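Dear colleague,

I am handing over a structure for you to look through at your own pace. Please open it first, and then read the notes that follow.

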Amino acid sequence: MSEPLIEVAGLTKRFRVSAGGSGTTGGSRTLRALVARRKVVTALDEVSFRIGAGELVGYIGPNGAGKSTTVKILSGILVPDAGRCVVAGRVPWRERVAHVATIGVVFGQRSQLWWDLPVIESFDLLRDIYRLQPAAYRETRDELIELLAIAPLLAVPVRQLSLGQRMRCELAAALLHRPRLLFLDEPTIGLDAVAKLAVRDIIRRLQGRGVTTILTTHDLDDVEALCPRVLVIGAGSILFDGSVADLRAGVDRERILTVDLEHEVGSFATSSATVVSAAGRRVVLRYDPTRIPTPRIIEEVARDNDVRDLYIEPQPIDELVARLYRNLELEEA
C-alpha cells in the first residue's frame with residue numbers, strides 16, 4: 001500500500017433509537033415510556049482499515065451495515081464514540097473547516113448544484129464558497145469542462161438536465177477545489193448503460209490523476225469494473241478487505257459455463273456439473289474448477305452435443321456478495 005491518506009483504528013459509533021411499540025398517554029408517563037422504548041444500536045464496532053493515497057476502494061455492505069456512518073465520520077459530520085480516525089493528517093471533526101476544503105462528495109440522490117440556476121452559475125457560487133483564486137478556479141473549471149465533456153450544458157438550468165448530464169456536472173462541482181479525497185455515494189444510480197460507462201471512465205481517469213476515491217454503492221458491477229480493492233462491512237464490522245478475486249476465492253470458487261448448441265435442447269444431463277438452465281439452444285452449467293478441471297467438462301459436453309460456442313465466467317459479483325451475507329446471516333443489500 002502507498003502512504004496512507006486515511007487511518008482508522010477501533011472506530012466505534014452507537015446511536016439511541018426508538019425500539020417501537022405503543023406508549024402510554026399523559027404527562028410524565030408518556031416521557032418515561034418514550035425513554036424506556038429507546039435502545040442502543042451499534043453502527044460501527046471497532047472498525048479498522050487504512051487507505052493509501054491515490055487508491056480507489058469500493059466500500060460495500062447491506063443496508064444498515066455502517067457505510068454511511070463511516071463516511072460521515074471520515075468527512076467530519078459525525079464524531080465517533082471511540083477509536084482513532086486521521087485523514088490527511090487531520091482529525092476530521094476537530095478540524096472540519098480545513099478538512100472539507102480537501103475533500104469532495106458526490107451523492108447520486110442529492111445535488112450540490114442550484115436547481116434553477118445554469119450549471120456555470122452553480123460553479124461560480126462554489127468558487128466563492130471555497131474562496132478559490134480566480135486564475136486557479138478558471139484553470140480547474142476549464143480542465144473539468146473538457147474532461148467531462150459538459151461545455152454544451154453550462155448554460156442549461158440544472159433542473160433541465162438528464163440524470164446522466166447532471167451526474168457529470170456533479171462530478172465537476174465536487175472537483176472544482178481539487179480535493180485529494182473523493183467520496184462517491186451511488187454515482188451511477190438510475191443511469192442508462194451509456195451514461196454509466198461514461199461515469200466509470202471518468203472515475204478511472206480521476207484515480208489516474210492521484211485522487212483517492214471511496215466508492216459506496218449497491219451496484220456491484222461498478223465495484224468489479226472499477227475497484228482494485230473492496231471493503232465489505234456488515235453489522236458494523238469489516239468482514240473482508242482485499243481484491244474481488246480474493247473475495248471470490250474465499251467465498252465461492254464456482255464458475256459458470258454457458259454452452260450454445262447447434263440444435264434445440266431436448267434433455268440435458270452431465271455428471272460433471274450442475275445444470276442451472278437448459279432452454280432453446282442454450283445450456284448454463286455451474287461447476288467448481290478445483291474439483292473438476294474445466295477441460296474435462298468441456299470435453300464431456302462437446303462429446304455428446306453439437307456445440308456452436310461456449311464461454312466461461314465467474315459467478316456474478318452480486319451473487320457472490322449475497323452468499324457472503326447469507327453465510328454471515330446478514331440482510332442482503
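The domain bounds used here come from an automatic or database domain assignment. That assignment gives the protein domain 1 (4-249) and domain 2 (253-314), and the C-alpha centres of domain 1 and domain 2 lie 42 Å apart.

Please keep in mind that this is a predicted model, in which local features need pLDDT of at least 70 and side-chain atom pairs count only at pLDDT 80 or more, while totals for chains, interfaces and linings use all residues. Residues are numbered from 1 along each chain as its sequence is written, and side-chain values use heavy atoms, with hydrogens and water left out.

Strands are DSSP runs of E with at least two residues, numbered from the N terminus, and two strands pair if DSSP finds at least two bridges between them. An open sheet of 6 strands follows the order β5-β6-β7-β3-β8-β9, with mixed pairing. Its edge strands, each pairing on one side only, are β5 (103-107) and β9 (237-242). Strand β5 runs parallel to β6 (residues 181-185), to which 5 bridges join it, and Ile103 has Leu181 as its bridge partner in β6.

Turning to a single residue, Gly83 lies in strand β4 (residues 82-87). Gly83 counts as partly exposed because its relative accessibility is 47%, and this class lies between buried (under 20% relative accessible area) and exposed (over 50%), using a 1.4 Å probe and protein chains only. Leaving aside residues up to four places away in sequence, Gly83 touches Ala9, Gly10 and Leu11, where contact means heavy atoms within 4.5 Å.

Best wishes

Notes:
Helix = DSSP H or I, 4+ residues; strand = E, 2+ residues; numbered from the N terminus.
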